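Trainee: I would like to take a close look at one part of this model and then follow its connections outward. Could you start from a single side chain and build up the picture from there?

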Amino acid sequence: MSDGSSIDLMLGDPKKALRGMLFPLIVSYMVVQINLLADTIWCSGLGSDASSAVSAMSPLYWIISDIGTGLGVGASVSIARSIGAGDRERANELCRQMAIFSIFASAVVTVILLMILRPGIHLIGADDVGQGCVDYMMPMILCSVFIIMDGVFAGLIRAEGAAKRVMILLMSVSVINMILDPILIYVFDMGLMGAGLATVLGSLGSALLAISWYARRQLNLTISLSGYRPRLPYIGDMLYVGIPRISESMIVNVMSFIQRIFVIMCAGTVGVTIFNIPWRYVAIGIVPALAISAAMVPICSAALGRNDMGKAKIGFRYAVSLSLKVLIPISLAIFILADLLVIPFTLSPSMMELRPQFVETLRIYAFIIPFFGMIEVGSAILQSLRMAQFAMLLSFLRNLLICIFFLFAYHYTMTVVSLSLLVAEIIGGLGMIGIAYFAIRRREKTYLISARS
């Protein structure tokens, strides 16, 4: 049985708790992003058509992944509040309900994605790389349960402050995937289907590892199947935050499909490659903000569970300040090193001719990083306050704005498309963090009125 040190840390000083959880989470998310980067590099070796197929389908993969993440976030908020309130029995039951609910949710997701895969490829105008899209996505759709359960287990374990366990969990996915990618893609000559299968097998390994921890009672909380029956109030409590978080991710990824329509209209399916590959470095650049947000949610949720708004407020402000101090230097470094950073993606002849456009796009994207980081931190603040529906609405408005900008920009060049994305993300970042601060002040007033009465 695990000792309670991780829970004690989470319930203590919020700054110390956040710093204590930060390094393992940064390593976790960085390994995941490096894994995705390696995945893209291996697929780019198959040529520009393969890269275009992977780039076109990336929103669909993220829909699967973000469903698991969203369920995990909803569970994390509810479980951390129960821990903060000292109700360990409720926390254990919440863990059990979400773990089993995620399996049923996965079955529904698989059926829906099988129905929309080919129509979606046609809708965005990627028919010329359609078979590659199907090959890449089919293993992940059929085995979506493992990808979704990874996100759920990460949320359950993070809820008790066990950041090192989360690091091991996410690293296992990435290490297995990175080992299997070249073997399945090239040695077994499976191409893009091999890339998708490697992702699935990595997720399977991670899910089995998490199940083994719970089976051997190596965590503070437990999951038992004995006497299980669905408890809708518990599931509903977790979905109160989880559904808006999933909806936010769905909106982002569905809008990403729409945005790709304009990109393809501007520069063909190659345009999707130019648009998507440099974004890999944005995803790496915002890793500190993702880690800070992931640590902040259970810490501040636990504080709110104990009716300690002061401690939660300290955690919120520290998360914003620390994120900006880290993201701004990263943004400058990516801008300066753009020429070198695109080299791994441009080794095949068909990709080499795209190198100048990759560099230009990456330098524009570099300025997005601090603002995109504020979107993630602001969204996490709203989730902690159980106001995830506002984060969902703001994400919809931001992505709608991007689509409106793209509607005009696609008539020109990919440079104009990238610049319009930059402007939209600046507006979105400032808007999200502004609403988050307004929500903090509003909740603080509510706590003060409640304390006086």
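Is E93 buried or exposed, and what is its relative accessible area?

Mentor: E93 is buried, and its relative accessible area is 10%. Please bear in mind throughout that this is a predicted model, and that every value below is computed from it. The side chain of E93 meets that of R96 in a salt bridge, with 3.0 Å from N to O. R96 is buried as well, at a relative accessible area of 11%, so in this pair both the arginine and the glutamate fall under the 20% limit for a buried residue. The two residues both belong to helix 4, where they are three residues apart, or about one turn of the helix. In general, residues three or four places apart in an α-helix point the same way, because such a helix has 3.6 residues a turn.

Helix 4 also takes part in a salt bridge that leads to another helix. R90 pairs with D237, and their closest N and O atoms are 3.4 Å apart. Since R90 sits in helix 4 (residues 88–123) and D237 in helix 9 (residues 232–276), this pair ties together parts of the chain that are 147 residues apart in sequence. The two partners fall into separate accessibility classes: R90 is partly exposed at 24%, whereas D237, with a relative accessibility of 19%, counts as buried. The cut-off between these classes is 20%, which deserves some care when you read the two labels side by side. The R90 and D237 pair does not stand alone, for R90, D237 and R386 are linked in a network of salt bridges.

Helix 9, which supplies D237, is worth following along its length. It contains 45 residues, yet its end C-alpha atoms are only 40 Å apart, whereas a straight helix would reach 66 Å at 1.5 Å a residue. Helix 9 also has a kink of about 125°, centred on A267. Ahead of helix 9, the loop that joins it to helix 8 holds R217, a residue other than glycine whose phi is nevertheless positive, near 55°. R217 is partly exposed, with a relative accessible area of 46%. A comparable backbone feature appears at D189, which is not a glycine but has a positive phi of about 55°. D189 is placed in the loop between helix 7 (163–187) and helix 8 (191–215), and it is exposed, at a relative accessible area of 67%.

Returning to helix 4, its packing against helix 5 gives a second view of the part you asked about. The two helices pack at an angle of about 170°, and their axes are 11 Å apart. An angle over 145 degrees is the mark of such an arrangement, so helix 4 is roughly antiparallel to helix 5. On the helix 4 side the contact is made by T110, L113, L114, L117, R118 and I121, and on the helix 5 side by G130, Q131, C133, V134, M137, M138, I141 and L142.

Among the helix 5 residues in this contact, I141 repays a closer look. I141 lies in helix 5, which spans residues 130–142, and at 0% relative accessibility it counts as buried. With residues up to four places away in sequence left out, I141 touches L60, I64, T110, L113, L114 and L117. Its C-alpha atom is 5.6 Å from that of T110, although the two residues are 31 residues apart in sequence.

To set the salt bridges of helix 4 in context, a search of the whole structure finds five of them. One further example is the pair R363 and D339, in which the closest N and O atoms are 3.1 Å apart. R363 lies in helix 15 (residues 355–366) and D339 in helix 13 (residues 338–341), so this pair ties together parts that are 24 residues apart in sequence. Here both partners are partly exposed, R363 with a relative accessible area of 25% and D339 at 43%, whereas E93 and R96, with which we began, are both buried.

Technical notes: Residues numbered from 1 in each chain as written. Predicted model: local features only at pLDDT ≥ 70, side-chain atom pairs only at ≥ 80, totals over all residues. Heavy atoms only, no water. Salt bridge = Lys/Arg side-chain N within 4 Å of Asp/Glu carboxyl O. Helix = DSSP H or I, 4+ residues; strand = E, 2+ residues; numbered from the N terminus. Buried < 20%, exposed > 50% of the residue type's maximum accessible area, 1.4 Å probe, protein only. Expected span 1.5 Å × (residues − 1). Bend = angle between axes of the 7 residues up to and from the residue. Contact = heavy atoms within 4.5 Å. Axes fitted to C-alpha atoms, helices over the stretch in contact; angles between N-to-C directions. Parallel < 35°, antiparallel > 145°, perpendicular 65-115°, else oblique.
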